[in-house]
Amino acid sequence: MAANRIFGVFSSRKESIVGTGTTTRQTMQKTYWFAQEMDNGALEVQPLNNNNVPAGPKLTVERDTFLDNYHPEPEYYAEIVRPSMDALEGSISRGEKHRANGEGYSAEYEFGHAIDVDEENVRANFGLGLTYLERGETGRAEDIFRRLVGIGSTFEPEHKHLFNDFGINLRRNGMVDQAIEYYLKAEKISKHDENLCLNIARAYYEQGDFENCIKYIKNSLELNPNLEEGLLFWTYLKNNGYLSEEDSTLTIDLEAFEKNQKKNEGPIADLDIDF
């Protein structure tokens with residue numbers, strides 16, 4: 001973080017009048033926020049939850065407005081919030097390490113603890129959902145899936161590799177309808193992502209919806225005509241009679257590519273290029 005940028009915990013205060021007549025009194029409501037200055041000088045602020053970690057929707061506040069209405073709370077940040085944030089990060093990191101090592105129940109414990117602290121933490125929810133999917137517990141994964149699609153920050157660019165992994169695992173566990181629902185929501189946010197389009201095509205293929213499968217492969221190759229995975233998939237469909245004459249006229253030169261490819265014997269199932 002650049003020097004002199006605003007960063008830390010701040011409070012805002014809101015006065016209100018309660019009661020009537022002789023019982024009227026003035027009250028002050030104090031709200032704590034985690035704030036960090038962005039490149040454009042505006043502030044991104046996020047409220048603290050009851051466990052003293054940033055949680056919930058983030059707001060953007062212009063710098064002058066922020067300086068007029070938010071008050072620094074350096075002791076509260078140093079003594080309470082920062083240790084709570086560090087502990088949450090520790091739980092998530094340990095969970096990710098356990099999952100990478102195939103230690104599913106230890107991963108579940110750590111991710112579950114993190115979610116107890118911050119119910120909408122995207123990394124923790126992804127981690128727990130992936131843990132369930134890797135164990136084949138699709139019912140429990142469905143609950144996490146529903147939570148994730150309701151969290152606004154799930155499909156932010158910083159979580160791209162996580163939502164790709166989760167979508168792949170949904171599909172591999174036979175949850176194809178959920179994978180499509182999930183990817184289509186992601187598409188609303190990432191409209192120009194060739195890999196996301198290919199993920200959607202793959203899910204539609206497994207659903208048997210070849211019209212939409214072809215549509216999304218076309219979208220993917222229009223975004224990136226050199227995407228090898230898309231070209232492989234298109235070649236497979238062409239060689240196995242899935243394409244109409246009109247589809248086969250895709251305005252991408254496949255001839256040179258096809259000369260260097262053997263005919264695929266099946267769908268591009270779980271190759272290294274699987275996504």
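## Rings, cores and a covered helix

Let's begin with a tyrosine: Tyr242 has a relative accessibility of 28%, so Tyr242 counts as partly exposed. This is a predicted model, and Tyr242 is a handy way into its aromatic side. The structure holds 18 aromatic pairs. One of them is stacked and joins Tyr204 to Tyr216. Tyr204 belongs to helix H8 (residues 194–207) and Tyr216 to helix H9 (residues 210–223), so this pair ties together parts that are 12 residues apart in sequence. Both Tyr204 and Tyr216 are buried. Tyr242 has a ring partner too, Tyr236, and that pair is tilted. Tyr236, at 5% relative accessibility, counts as buried.

Here are the two pairs side by side:

| Pair | Centre to centre | Angle between planes | Kind |
|---|---|---|---|
| Tyr204 and Tyr216 | 5.9 Å | 25° | stacked |
| Tyr236 and Tyr242 | 5.9 Å | 40° | tilted |

Rings also gather in a bigger group: Phe126, Phe145, Phe166, Tyr182 and Tyr183 are linked into a cluster by ring pairs. Elsewhere, a charge joins in, with Arg135 lying over the face of Tyr105 at 4.0 Å from the ring centre.

Back to Tyr236, which is among the buried residues of helix H10. H10 covers residues 228–239, 12 residues that reach 16 Å from first C-alpha to last, close to the 16 Å expected at 1.5 Å a residue. Is this helix mostly covered or mostly open? Mostly covered, with 9 of its 12 residues buried. Besides Tyr236, the buried set takes in Glu229, Gly230, Leu231, Leu232, Phe233, Trp234, Thr235 and Leu237. After H10 comes Gly241, with a positive phi near 80°.

Leu237 also turns up in the largest nonpolar core, which has 54 residues; along with Phe166, Tyr182 and Ile217, Leu237 touches the most other members. As for who supplies this core, H8 gives the most, with 8 residues. Phe166 is worth a stop, as a member of the ring cluster and of the core. Setting aside neighbours within four places in sequence, Phe166 is in contact with Phe126, Gly129, Leu130, Leu133, Ala141, Phe145, Leu148 and Tyr182. Apart from the largest core there lies another one, of 9 residues, with Leu43, Val61, Phe66 and Tyr70 among them.

Now for strand E3, where Gln46 has its place. Gln46 has a relative accessible area of 14%, so this polar-named stop on the tour is buried. What does Gln46 touch, not counting residues up to four places away in sequence? The list is Tyr32, Trp33, Phe34, Pro54, Ala55, Gly56, Pro57 and Lys58. Gln46 and Gln36, 10 residues apart in sequence, are 9.2 Å apart in space, C-alpha to C-alpha. The loop between strand E3 (43–47) and strand E4 (59–61) holds Asn52. Asn52 is not a glycine, yet its phi is positive, near 65°. Most residues other than glycine have a negative phi.

Finally, a word on confidence. The mean pLDDT of the protein is 85, and 85% of its residues reach 70 or more. Residues 262–275 are another story, with pLDDT below 50, though this stretch has 29 contacts in the model beyond near neighbours in sequence. Where pLDDT is low, the predicted coordinates should not be read in detail.

Notes
Residues are numbered from 1 along each chain as its sequence is written. This is a predicted model: local features need pLDDT of at least 70, side-chain atom pairs count only at pLDDT 80 or more; totals for chains, interfaces and linings use all residues. Side-chain values use heavy atoms; hydrogens and water are left out. Rings of Phe, Tyr and Trp (its six-membered ring) pair if their centres lie within 6.5 Å; planes under 30 degrees apart count as stacked, over 60 as edge-to-face and the rest as tilted. Helices (H or I, at least four residues) and strands (E, at least two) are DSSP runs, numbered from the N terminus. Buried means under 20% relative accessible area, exposed over 50%, partly exposed in between (1.4 Å probe, protein chains only). A charge sits over a ring if NZ of Lys or CZ of Arg is within 6 Å of the ring centre and within 35 degrees of the ring normal. pLDDT is the predictor's confidence in each residue, from 0 to 100. Contact means heavy atoms within 4.5 Å. The expected span of a helix is 1.5 Å times one less than its number of residues. A nonpolar core is a set of buried Ala, Val, Leu, Ile, Met, Phe, Trp, Tyr and Cys residues joined through side-chain atoms within 4.5 Å.
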